[in-house]
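I am keeping a short notebook on one protein chain. The entries below record what I looked up, in the order I looked.

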Amino acid sequence: MKKIIAFLTVITLCFCTLWCEVAAVPAKEIHWYTTRNKEHKQALVPPDLSFVENHGGVYIDHRHDDSNPDKVIYLTFDVGYENGNVEKTLNTLKETQTPGAFFVLKHFVTENRDLVLRMAEEGHLICNHTANHPNLANVSREKIKAEITALEKAVEEVTGSGTKPYFRPPEGSFSLEMLETVQSLGYKTVFWSFAYADWDNNKQQKPSVALSQILTHMHNGAVILLHPTSATNAEILPELINTLKKEGYRFGTLDELCFAR
């Protein structure tokens with residue numbers, strides 16, 4: 001009887017330990033989001049997403065919080081293809097001397113070598129958005145690694161060096177396992193504190209509405225996600241940058257955000 005009781009005790013302890021471990025792990029697929037406000041306060045994530053920063057994730061500059069007089073913004077772009085607006089975006093960044101980070105896909109790199117070279121030559125960061133834009137939340141470590149390394153090689157063939165160590169998951173979908181895999185490959189996973197519905201060129205907001213929306217929700221330490229294929233974004237970018245600079249903001253780089261911590 002004592003052996004049976006001891007055996008059942010061990011089984012119970014093992015089950016409880018396993019249950020606690022499972023309960024502590026977030027759901028398999030998670031979708032990124034942040035809170036918003038119109039008082040220019042930092043858009044922080046809810047508690048259920050706070051684990052991201054413990055696994056190589058970045059979405060905001062905590063050092064440049066609401067009380068810091070040094071006002072900084074990080075401008076990032078997710079690039080899937082070229083329709084003339086990516087070039088316009090680069091023109092604006094050059095004219096305003098503003099740094100940006102471009103998260104690119106493989107077919108954009110192979111079909112627009114001149115633009116990729118220009119990004120590198122003009123001091124922008126070329127970052128990893130995977131080769132083919134798959135949802136990586138529920139795939140194997142091997143699949144994640146293959147997508148990231150394929151994009152690295154495509155960029156290296158054009159520029160002579162691979163992508164910078166910054167990764168953004170397609171669709172904003174991720175999992176704990178994905179974060180850990182990306183981190184093991186030497187990357188920071190860069191999310192955002194502000195984004196808006198700008199990716200569908202058939203459903204573009206009026207420029208004045210889009211500009212107002214961005215400026216209304218801007219805050220210190222913000223990581224902005226824009227799609228440079230957007231005709232609206234290409235039109236409002238000069239005014240957006242100049243307005244933010246007049247309001248006392250400077251534009252930082254992901255190197256500053258991720259490594260000066």
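Entry 1, cavities. I began with a definition: a cavity is a set of grid points where a 1.4 Å probe fits but cannot get out. The model I searched is predicted. I counted two cavities of 30 Å³ or more. The second largest cavity holds about 30 Å³ of space. I listed its lining as Arg36, Asn37, Lys41, Ala43, Ser193, Phe194, His217 and His219. I sorted this lining into two nonpolar, four polar and two charged residues.

I then turned to the largest cavity, which has about 60 Å³ of space. Its lining is made up of Tyr74, Leu75, Thr76, Pro99, Gly100, Ala101, Gly123, His124, Leu125, Gly252, Thr253 and Leu254. I asked which element gives the largest share of this lining. The element is β3, with three residues. The lining of the largest cavity divides into six nonpolar, six polar and no charged residues.

Entry 2, strands. Two residues from the list for the largest cavity, Ala101 and Leu125, came up again when I looked at strand pairing. Alanine 101 has leucine 125 in β5 as its bridge partner. Strand β4 covers residues 101-104, runs parallel to β5 and is joined to β5 by four bridges.

Which way do the residues of β5 point? In β5, residues 125-128, I found Leu125 and Cys127 on one side and Ile126 and Asn128 on the other. All four of these residues are buried. I noted the general rule beside this: in a regular strand the side chains alternate between the two faces of the sheet.

Tyr74, also in the lining of the largest cavity, led me to a second pair of strands. Tyrosine 74 has valine 223 in β9 as its bridge partner. Strand β3, residues 71-79, runs parallel to β9, and five bridges join the two. I checked how covered β9 is: this strand spans residues 222-226, and five of its five residues are buried. Ala222, Ile224 and Leu226 lie on one side of β9, while Val223 and Leu225 lie on the other.

Entry 3, the largest pocket. I recorded a volume of about 510 Å³ for the largest pocket. Of the 26 residues that line this pocket, the closest to its centre are Asp78, Glu171, Trp199, Leu225 and His227. Leu225 I had already met as a buried residue of β9. I divided the pocket lining into 13 nonpolar, eight polar and five charged residues.

Entry 4, two charged residues in helices. Arginine 118 lies in helix α4, residues 113-121. Is arginine 118 buried or exposed? Its relative accessibility is 16%, so arginine 118 counts as buried, because the cut-off for buried is under 20%. Leaving out residues up to four places away in sequence, I found that arginine 118 touches Glu87, Leu90, Asn91 and Lys94.

Glutamate 177 is in helix α6, residues 176-184. Glutamate 177 has 33% relative accessibility and therefore counts as partly exposed. I also looked up a distance: the C-alpha atoms of glutamate 177 and lysine 28 are 8.2 Å apart, and the two residues are 149 residues apart along the chain.

Entry 5, two histidines with positive phi. Histidine 40 has a positive phi of about 60°, although this residue is not a glycine. I located histidine 40 in the loop between β1 (30-31) and β2 (57-58). Histidine 40 is partly exposed, with a relative accessible area of 39%.

Histidine 133 also has a positive phi, near 65°, and is a residue other than glycine. I located histidine 133 in the loop between β5 and α5 (141-159). With a relative accessible area of 32%, histidine 133 is partly exposed.

Entry 6, the whole chain. I left the totals for the end. The protein chain has nine helices and ten strands. Of its 261 residues, 47% count as buried. The accessible surface comes to about 12800 Å², and carbon and sulfur atoms account for 55% of this surface. I also looked at contacts between residues at least 6 apart in sequence: 74% of these join residues at least 24 apart.

Terms used. Residues numbered from 1 in each chain as written. Predicted model: local features only at pLDDT ≥ 70, side-chain atom pairs only at ≥ 80, totals over all residues. Heavy atoms only, no water. Buried < 20%, exposed > 50% of the residue type's maximum accessible area, 1.4 Å probe, protein only. 1 Å grid on protein atoms, 1.4 Å probe; cavity = no way out; pocket = protein on both sides within 12 Å on 5 of 7 lines; lining within 4 Å. Points joined across faces, edges and corners; volume = space filled by probe spheres on them. Nonpolar A, V, L, I, M, F, W, Y, C, P; charged D, E, K, R; others polar. Pairing = 2+ DSSP bridges. Contact = heavy atoms within 4.5 Å. Areas by Shrake-Rupley, 256 points an atom, 1.4 Å probe, with all protein chains shown as cover.
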